[in-house]
Amino acid sequence: MGKLPATSENTLTVRDNRTGKTYSIPIVDNAAPATAFKKITAPRKANEREENETERGLRIEDKGFLNTAVIRSQITYIDGEAGVLRYRGYPIEQLALHSNHLETAYLLIYGNLPTKEQFAFFQSEVMRHGPTHADSEQFFRSFRYDAHPMSMLTSAFAMLGSFYAEANPSLQGQRLYTRGDKESLAVMDRQIYRLIGKATTLAAMAYRVRQGRDFVSPPAGLSYTGSFLYQMDHLGEENYVPNPVLEKALDVLFLIHADHELNASCTTVLQTASSLVDPYSAIAAGCASLYGPLHGGANEAVIRMLISIGSPENVPAFIEAVKRREKTLSGFGHRVYKTSDPRSFIVRKTADEVFKVTGKDELLVTAMALHDAAMKDEYFISRKLAPNVDFCSGLIYRAMGFPMDFFPVLFVVPRVVGWLAHWRQMMLQDGGVKIWRPRQVYAGPGQRDFVPVDERVVVKGPGQTPSVVEHGGITKRTMLATFTGKRMPSRL
């Protein structure tokens with residue numbers, strides 16, 4: 001991947017009005033290096049806070065990474081204005097139509113579509129690494145029967161790392177994955193096979209714990225998604241084969257969810273991996289990030305929203321409540337896409353195929369009424385709030401019989417591929433790996449002197465004192481009991 005070099009015309013001229021100095025900032029591939037702004041210094045004014053560090057260079061403030069590039073990548077390209085998504089240059093629409101999840105995984109990780117022989121080898125290695133250590137069963141059985149499957153899955157990825165000492169740079173040397181030689185690449189690829197292969201197994205184990213069922217070993221001869229469905233649903237039936245329409249639909253959903261550039265969870269994986277931790281810990285961190293309702297829980301939020309609306313005749317009132325900011329509209333709009341989410345069209349076509357087998361979800365009529373109303377309303381048009389991938393994917397998962405709290409798990413399983421692709425790229429990047437350590441703008445108190453406890457005054461205000469919580473059960477009874485060393489609680 002070549003860079004467009006910085007020439008005299010590919011520069012940004014900045015004049016600092018504080019000092020009158022002029023600076024020339026290079027522009028490479030339409031990006032300016034943030035470190036160049038550190039050269040823009042100024043003497044600190046007499047009344048200025050020393051914590052601003054004005055004389056040490058200008059900092060770039062960007063809350064939530066709204067316009068900050070932290071890495072050079074060859075993996076996924078998104079044009080949010082045009083509604084474009086490409087994996088390694090291939091449009092997502094072509095891949096969804098002609099490829100499959102594992103073939104696309106190969107593309108994302110290694111850079112090119114595989115030959116027939118290359119794919120056969122990759123698929124064989126991934127499927128061979130599906131089974132887990134016998135101790136994994138005991139691990140999953142240690143969770144409560146009602147534990148959230150995402151909590152179990154996050155913990156399970158971290159647990160995997162404890163089985164493979166050869167995969168841990170803390171034990172094998174910090175250059176384990178960054179050397180780029182044959183041995184290093186082999187160790188890296190083995191962890192990739194393991195994580196992709198075991199992702200479905202761990203997810204299925206989390207599912208069956210909730211169902212109170214025994215675990216099922218990955219079967220031979222089925223596809224990646226076919227094996228996943230088998231592990232979740234098989235109850236001893238002879239020659240059990242998942243429905244091919246559902247199998248294909250799940251594969252398409254896995255493919256379009258495999259990567260999405262530097263979203264919150266992928267950034268979390270890379271932030272964690274920048275310390276050169278083992279990949280299992282990094283993937284567990286990504287899983288935890290995806291657990292949040294602003295990320296992996298969005299399709300579940302759509303279903304809950306549709307249930308709360310109830311029926312199509314309630315849509316107009318809901319729309320007005322959204323405009324008054326009394327209700328939240330889920331499944332519309334996207335941080336990146338400002339027109340339409342290209343994945344949403346693929347999902348709607350997939351939904352049609354699934355509903356032919358399962359029957360239409362009872363919420364579909366309400367969903368379509370909401371869709372039509374929002375797309376015709378100037379309030380949503382002006383804010384570019386078009387349906388995103390989550391609007392219909394939750395309806396497909398619901399039609400297929402998955403519980404709502406399992407929806408994020410169905411997001412994690414394919415996204416492991418994208419996380420690993422970015423992790424591998426980072427480990428092998430030119431110049432090695434630098435730990436991600438962002439700066440902050442300190443806005444707290446200046447230097448103050450310590451005050452003895454008897455001389456302090458009470459400071460009150462929202463968030464400035466610990467909250468008083470109500471206790472119940474054994475804690476309440478214990479607080480009412482008498483015993484040696486008991487501390488009496490005080491209420492501020």
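## Buried or not

A residue is called buried here when its relative accessible area is under 20%, exposed when over 50%, and partly exposed in between. Tyr193 has a relative accessible area of 11%, so Tyr193 counts as buried. Keep that cut-off in mind, since burial comes up again and again below. One thing to know up front: this is a predicted model.

## The whole protein

Let's start wide. There are 19 helices and five strands in the protein. Its C-alpha atoms fit in a box of roughly 80 × 75 × 60 Å along the principal axes. Of the 492 residues, 43% are buried. The exposed surface comes to about 26900 Å², with carbon and sulfur atoms supplying 52% of that area.

If you look at contacts with a separation of 6 or more, 69% of them are between residues 24 or more positions apart. On the charge side, the protein has 58 positive and 51 negative charges, and the mean positions of the two sets sit 5 Å apart. The protein is split into domain 1 (1-62) and domain 2 (77-440), and the C-alpha centres of these two domains are 39 Å from each other.

## Aromatic pairs

How many aromatic pairs does the structure hold? The count is 20. One of them joins Phe121 and Tyr193 in an edge-to-face arrangement, at 6.4 Å centre to centre and with 80 degrees between the planes. This pair ties together distant parts of the chain: Phe121 belongs to helix H3 (residues 116-128) and Tyr193 to helix H7 (residues 182-211), 72 residues apart. The two partners are not covered alike: Phe121 is partly exposed because its relative accessibility is 47%, whereas Tyr193 is buried at 11%. Both rings also belong to one aromatic cluster, made up of Tyr106, Tyr110, Phe121, Phe122 and Tyr193.

Helix H7 takes part in another pair as well, between Tyr207 and Phe406. These rings are edge-to-face too, 5.1 Å centre to centre with 65 degrees between the planes. Here the partners are 199 residues apart, with Tyr207 in H7 and Phe406 in the loop between helix H17 (389-399) and helix H18 (407-427). Both Tyr207 and Phe406 are buried.

## Helix H8 and its surroundings

Why is helix H8 (residues 224-233) described as largely enclosed by the rest of the structure? Because nine of its 10 residues are buried. Those nine are Tyr224, Thr225, Gly226, Ser227, Phe228, Leu229, Tyr230, Gln231 and Met232. As for what covers them, the buried residues of H8 pack against helix H2 (101-110), H3, H7, H9 and H18.

Leu246 gives you a view from H9 (residues 244-256), the helix it sits in. With a relative accessibility of 17%, Leu246 falls under the 20% cut-off and so counts as buried. Setting aside neighbours within four places in sequence, Leu246 touches Leu229, Val354, Thr358 and Met400; Leu229 is one of the buried residues of H8. Another H8 residue, Thr225, is 21 residues from Leu246 in sequence, with 9.1 Å between their C-alpha atoms.

## Two loops with a positive phi

Two loop residues are worth a click in your viewer. Asn239 has a positive phi of about 55 degrees even though it isn't a glycine, and you'll find Asn239 in the loop between H8 and H9. Leu276 is also a non-glycine with a positive phi, of about 65 degrees. Leu276 lies in the loop between helix H10 (264-273) and helix H11 (279-290).

Which of the two labels, buried or exposed, fits each residue? Asn239 is exposed because its relative accessible area is 68%, over the 50% cut-off. Leu276, at 17%, is under 20% and therefore buried.

## Leu364 in helix H15

Last stop: Leu364, which lies in helix H15 (residues 364-376). Leu364 has a relative accessible area of 13%, so it is buried too. Beyond its neighbours within four places in sequence, Leu364 is in contact with Phe355 and Leu395. Along the chain, Leu364 and Ile396 are 32 residues apart, and their C-alpha atoms are separated by 9.9 Å.

Key. Residues numbered from 1 in each chain as written. Predicted model: local features only at pLDDT ≥ 70, side-chain atom pairs only at ≥ 80, totals over all residues. Heavy atoms only, no water. Helix = DSSP H or I, 4+ residues; strand = E, 2+ residues; numbered from the N terminus. Buried < 20%, exposed > 50% of the residue type's maximum accessible area, 1.4 Å probe, protein only. Contact = heavy atoms within 4.5 Å. Areas by Shrake-Rupley, 256 points an atom, 1.4 Å probe, with all protein chains shown as cover. Lys, Arg positive; Asp, Glu negative; His and termini not counted. Charge placed at Lys NZ, Arg CZ, Asp CG, Glu CD. Domains from an automatic or database assignment. Phe/Tyr/Trp six-rings, centres within 6.5 Å; stacked < 30°, edge-to-face > 60°.
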